[in-house]
Amino acid sequence: MLNDLRFAFRLLLKNPAFTTVAVVAIALGIGANTAVLSLVNALLIRPLPYRAPARIVLMLEHFRAQHLDAIPVSAPEFVDYQTNCRSFDEMAVFQPGTFNFAGGDRPERIFGAVGSADLFNVLGVAPIRGRVFEPADCTAGHDDVLIISERLWRHRFNTDPQIIGSKIVANGRGFTIVGVMPASFEFPIPLFGIQGAQFGERADVWQPLAFTAQELKIRYSRGYAIIARLAQGASAKQTQAELDTVTAAMRRNYPDNYPKDDSFGITAFPLNEVVLGPMKPLLLILLAAVFLVLLIACANLTTMMLARAASREREMGIRVALGAGRWRLLRQVLLESVFLSLCGGIAGVLLGVWGLDLLKRIGTQTVPRLSEVNLDWHVLIATFVIAVGTGIVFGLVPGLVSGDPNLTETLKEGGRGLSSGARRNRLRQALVIAEVALALVLLASAGLLIKSFVQLQNVDAGFNPRNVLTMEISLPALTYTDNASQARFYNEAQKRIASIPGIKNAGFTNILPMSGTNSDSSFNIEGRTSDDKNPSPDEEFRRISPGFFEAMEISLLRGRPFRESDNADAPPVTIINAALAKRYWPNEDAIGKRISIGASAAKEKWATIIGIVGNVRHRGLDYDPLPEYYMPITQTPNNQAVLVVRSSQEAGGLISAIRTALHEIDPAQPIAHVRTLEQVVADSVAPRRLSIWLLGLFAAIALSLASIGIYGVMSFLVVQRTHELGVRMALGAQRRDILRLVVGHAAKLILAGTIIGLVFAFAFTRLLAAMLYHVSPHDLTTFGLVTVVLGAIALIASYIPTSRVIRADPMLALAHIA
Amino acid sequence: MIRLHNIERSYPLGRGQMFYVLRDIDLDIAAGDFVSVMGPSGAGKSTLLHILGMHDHGWTGEYFFDETAVHHLKSKERATLRNAQVGFVFQQYHLLDDLTVYENLDIPLSYRHYSKSERAALVADALDRFQIVGKKDLYPRQLSGGQQQLVGVARAIIASPKVLLADEPTGNLHSSQGEEIMELFRKLNEEGMTIVQVTHSEKNASYGKRIVQLRDGWIV
C-alpha cells in the first residue's frame, strides 16, 4: 500500500499539468460543497443555541377575518395563557427594546429586549456571570436590573470582573447589572419574523418586564411575543387543543374584544420551524447546485483519468504480466485518484474557508445567523467523506478499465494498445454530454435568478432612495414623559436638520419602508358599522412628521401633506395611500372622509383624511404594496423613530452636522443604525442577492469545468485522430473540411448534452419558482440565452485543439502514430 | 511439464469467417528444457508464448501445466498459477519507467504477498546475483539497453518461477549485450530453469536445446 502511495505521489509530481488541473477541478467542486455544507450545518442542522430547542415554541395570535395571521399578544392575554395552559413547563413574553446608554465619549443606543421572569428558563441558558431574572425583578419599580451580553461586557466594560452590581444609566434611568450571558447566546433571533418587531440587530441587553396596571387592562394593544417550553411529552395536537380552549374562553369573557367565531386564535409555532423554515428551500437548492458542480468535476476527472489510463496501458499490462490482479490494479488507480482527490479536498477546504469569510464579510449584517457559519468538525468529516467518495467515483471507471488490459496486444512490440477503443471513446463522449447537461441545469437556474433580480431592481418602490440618509432615534420614556415633550423634540429636530446646508428635506417615521419592521392597526370608518361578519378594517399604520413624504419623495396624489400645525391641539388628520383609498372608497373621493383608531366607540376621535399618497412597497421590492395610512407623529406620539434626510448630494458627509443639531436639542440623545436608504433597499434583498451570487458562482464554475472537460476530450480525440487527419489533408482535405469533421463531431455531443440538459433544467427550475419574481421557471428567453452561451463556449473549447492540428504540417501529422 | 494438445487461436473476421493465428498446436516441453520458437513475422510465435504464459485466454484446445489442466481453470486460477510458475522477459524490457531498479525488482514480489523482509532479502539477493547493486536507485532511463534487460531477467526470475518465457529477449540489444543475456539464459537453464524463447536469430536459437518452427500458425 505504501509503495502504491509513493508511486501515486511520484506520478502526480511527474505530471504537474495534469495534477494542477485535476486538483483545481476537485478544489472547486469540494470548495463549493464545503462552503454550502457549512451554511447548511450552521443554519439547518446545528440546533439553536438553547437547551432542547425542539421543545421551544413561539406563540402568535391570528385574526383571520382581518387577514392578520401572526401577530403579537397583549399583556392580559399573556396572563390568560400563562394561567390556563398546562402543556408548557415555562412560558415567557418578550418584546424588543432599545437602551440609550449614557457615559463614554458619546451616548450609545444599544439594542435589546424586555422579557418576563421565565424568559431565560424557557431558553435554558445560564449566565456566565451573575444571575438571570427573578420574579421579583418583574414587578413595577423593581425592574431596574439589566443582563448584558458577553460582547457588550467586553466592548463597553473591558470585561470588568466586578461588572455584577455595577450601576449604569440607560434611557435616563439607573440600572444595576445582574448578569452576563455567554458569547454564544443570541435572543431574539432576527428570523423570528414577528410583525412589528425590530430585530435588525443582535441584542446585547435584557431588561425584566413589569406590566403596568394600565397595560394589564388593555387587550387590544398587542406588542409581545410569547415564547414557551413544551412540557415533556406534550403533543402539538394536545397543546393546540388547550390553546383553543383558552381563546374560546377569551371570546366568551370579552365579547367586545374578540369576534364570536374562531377566526381569532393563537398558534404555537415550533421555534426551529420559524427560524429555519424560510432558509430551507434556498439552502437545499444551493446544496443541489454544489452537488451538480461536484458531479461535473467528477465527470471531468473521469475523462482525464481515462485519457491517462490510455497512456498507461503499457504500464498496466506489465503489472498484470508481473502478477498484479485486477483488484490490485483497481486499488492502485483508486489510491491515485483518492490521493489526488484528498489533495484537491485540502485545497477545496481552504477555498471553502476563504469563501465563507468572504460570504460573512458580505452578508453578516443582512443575512440572519450568517455570523454563526463556520467550518466545524462535522463539516470537515463530511468534506473528507466527499473527497474520498469523489476520488473513488472518478477513479472507479478508469480503474476497472485499467484492470483488464489485453496483454497480447499491449505488450507486443509496437502495440497500439486499446486507447483507441470505441468503448472508451463512447464513455468519454457520454461524460462530455453529461457535463454539458449538468452545466446547462445550473446555468439555466442562475440565469432565471439573475433575470428575476434584474426585474426586481427595476420595480418602482414608491419612493426615491437616492441621496437619502436614515438613522434611528429612541426617546427615553423618563426624559420624554408626555406626548408634548416628544412632539416638541420631533418638531425642533425636523426644523433644525432641514435647515442644515445641503439638506433638502427631513422627516420622521416610526416605521421605515423595507427595514424589516412593521406595524398595523385596526380602525373604524365613519358611517360604517362593524360586526363579526364585517370586522373593523386593519391595515398598515405609520406615524410620520411633516417633511417625511418630501424626504422620501413619496408622491402626493391628492390633498395636502401634514404640516406643523397638525399638532395635538389641532383636529386629528390622516393621509392614506392609493391602495387604501381604492379598497375602502373605490368609487368615491376619500378626501374629507373620517376614520378612528384604537379607542372605544364612546371615545372615538375621528381623523379626517386630508391627502392621498402613492403606494410604497413596504415589505420589500418583491411584495405588492399594501393599504397604508399615516398619522402625524405629533398627534399619535411614539418614542421610537427613524429620521429620514434627503440631501442635494451624497448624504454621508452630513452625519456629524445632523448629530450636532440633535445634540443641541438633547445632548444625551444618541443616533443609531445610520444607513443610506439605498443601503436599506439593498439590505432588504440581501438574502436574494446572496443566493444569486452563490448560484451564479456555481454556474460559472460548472461552465468552466464543462469547458475544460470538452477541451480535454476533444484534445484527446484529436490527438488520437492526428494520423487520420494528416492522411485526409494529404489526400486533399481543406482545413475547413477537417474543422467541420472534428468540430461537427463535438457539436453533436454538445447538442445531445444540451437537449438532455434542457429536459433536466425544466424539471429542476420548477423548484426555484418561489424564489423568482415575475419570471417563469421555464422562461424561454433565459433558457435560449444560456443554451446559446453554453453551446458557444463548448464549441470554442472544441475548436481550439482542432485548430492546432489543422495549422500543423500534414507531414508531421502523418508521422504521428497515435 | 507443459503439454499442449490441439491448441488453436483465431479471431473473427465477420460474416462467420475466422482468421487463425495458431492451428492444431501439439507441443510437449519437459522440465529443464530450453526451447527456441522460430518463424517469420506473423507466424504466431508471440501468440504461442502468451498462451504459454496464460496471458491469452481466447484459445481452444488442451493445455496441461505440471498436470494441471489450464484449459479448465478460471481466469483467476490461471493468474494464480502464472504468478507461481511463470516469469516473463520482453523484447522491450517493459520496466516500469517511474520505478527504480530496486522497486522494479520488488514489484512482482509485492503482487505475490511476500512479507516486507522476505522481499527485501530476495531483491538484495537478485541485485547481488546480477551484479547490479550499484544501480538499484537508478531509473530505467538511466540504464543502457543491456542493463535494462538484465534487470528485466532478474525481475522475471525473482519470484523463482519454474518456467521463463522470453519474447525476443535480445531484439533491442547489440550483439555483445545479446550474448551476455543469452549466456545468462544458458546458465539459468543449467541451474534447472525451463526456458521458452521466441527469436528470429539462429545464433540465439542455438543456445536452446531444441527449436520449434512455426509457419502460418502451424508447427512445421
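These are my notebook entries on helix packing, cavities and backbone geometry in a predicted model.

**Entry 1: α5 and α6 of chain B**

I began with the pair formed by helix α5 (residues 145–157) and helix α6 (residues 175–190) of chain B, and I found that their axes lie 9 Å apart and make an angle of about 20 degrees. Angles under 35 degrees count as roughly parallel, and I therefore entered α5(B) and α6(B) as roughly parallel to each other. I noted the crossing of α5(B) and α6(B) as right-handed.

I then looked up which residues make the contact: from α5(B) they are B:G145, B:G146, B:Q149, B:L150, B:V153 and B:I157, and from α6(B) they are B:Q177, B:I181, B:L184, B:F185 and B:L188. Sorted by class, the residues of this contact of α5(B) with α6(B) come out as seven nonpolar and four polar, with no charged residue.

**Entry 2: α2 and α11 of chain A**

In chain A I turned to helix α2 (residues 16–45) and helix α11 (residues 377–402), whose axes come within 10 Å and cross at roughly 145 degrees. The crossing of α2(A) with α11(A) is again one that I recorded as right-handed.

On the α2(A) side I listed A:I26, A:I30, A:N33, A:T34, A:L37, A:S38 and A:N41, and these meet A:H378, A:V379, A:A382, A:T383, A:I386, A:A387, A:T390 and A:F394 of α11(A). The class count for the contact of α2(A) with α11(A) is eight nonpolar and seven polar residues, and no charged residues appear in it.

**Entry 3: cavities**

Next I searched for enclosed space, and I counted six cavities of 30 Å³ or more in the structure.

The largest cavity holds about 120 Å³ of space. I wrote down its lining in full: A:N3, A:D4, A:R6, A:F7, A:R10, A:R319 and A:R328 from chain A, together with B:L99, B:E103, B:D106, B:I107 and B:S110 from chain B. Two elements, α1 (2–14) of chain A and α3 (101–110) of chain B, each supply at least two residues of this lining, and α1(A) has the largest share of it, with five residues. I classed the lining of the largest cavity as three nonpolar, two polar and seven charged residues.

The second largest cavity holds about 100 Å³ of space. It is lined by 13 residues, and I noted B:V86, B:G87, B:R112, B:R155 and B:A156 as the closest to its centre. The elements giving two or more residues to this lining are β6 (86–89) and α5 of chain B, and β6(B) gives the most, with three residues. By class, I found nine nonpolar, two polar and two charged residues in the lining of the second largest cavity.

**Entry 4: backbone geometry in chain A**

Most residues other than glycine have a negative phi, and most peptide bonds are trans, so I kept a separate entry for departures from this. The peptide bond that joins A:F187 and A:P188 is cis, with an omega of about -10 degrees. I placed A:P188 in the loop between β8 (173–181) and β9 (205–208) of chain A.

I also flagged A:N171, which is not a glycine and yet has a positive phi of about 55 degrees. I located A:N171 in the loop between β7 (167–170) and β8 of chain A.

Key. Residues are numbered from 1 along each chain as its sequence is written. Chains are lettered from A and ligands numbered from 1 in the order in which they are written. This is a predicted model: local features need pLDDT of at least 70, side-chain atom pairs count only at pLDDT 80 or more; totals for chains, interfaces and linings use all residues. Side-chain values use heavy atoms; hydrogens and water are left out. Axes are lines fitted to C-alpha atoms, for helices over the stretch in contact, and angles run from 0 to 180 degrees between N-to-C directions. Helices (H or I, at least four residues) and strands (E, at least two) are DSSP runs, numbered from the N terminus. Angles under 35 degrees count as roughly parallel, over 145 as roughly antiparallel, 65 to 115 as roughly perpendicular and the rest as oblique. A crossing is left-handed if the near helix is turned anticlockwise from the far one by less than a right angle, and right-handed if clockwise. Contact means heavy atoms within 4.5 Å. Ala, Val, Leu, Ile, Met, Phe, Trp, Tyr, Cys and Pro count as nonpolar, Asp, Glu, Lys and Arg as charged, and the others, Gly among them, as polar. On a 1 Å grid over the protein atoms alone, a cavity is a set of points where a 1.4 Å probe fits but cannot get out, and a pocket is an open set with protein on both sides within 12 Å along at least five of seven lines; lining residues have an atom within 4 Å of a point. Grid points are joined across faces, edges and corners, and a volume is the space filled by probe spheres set on the points.
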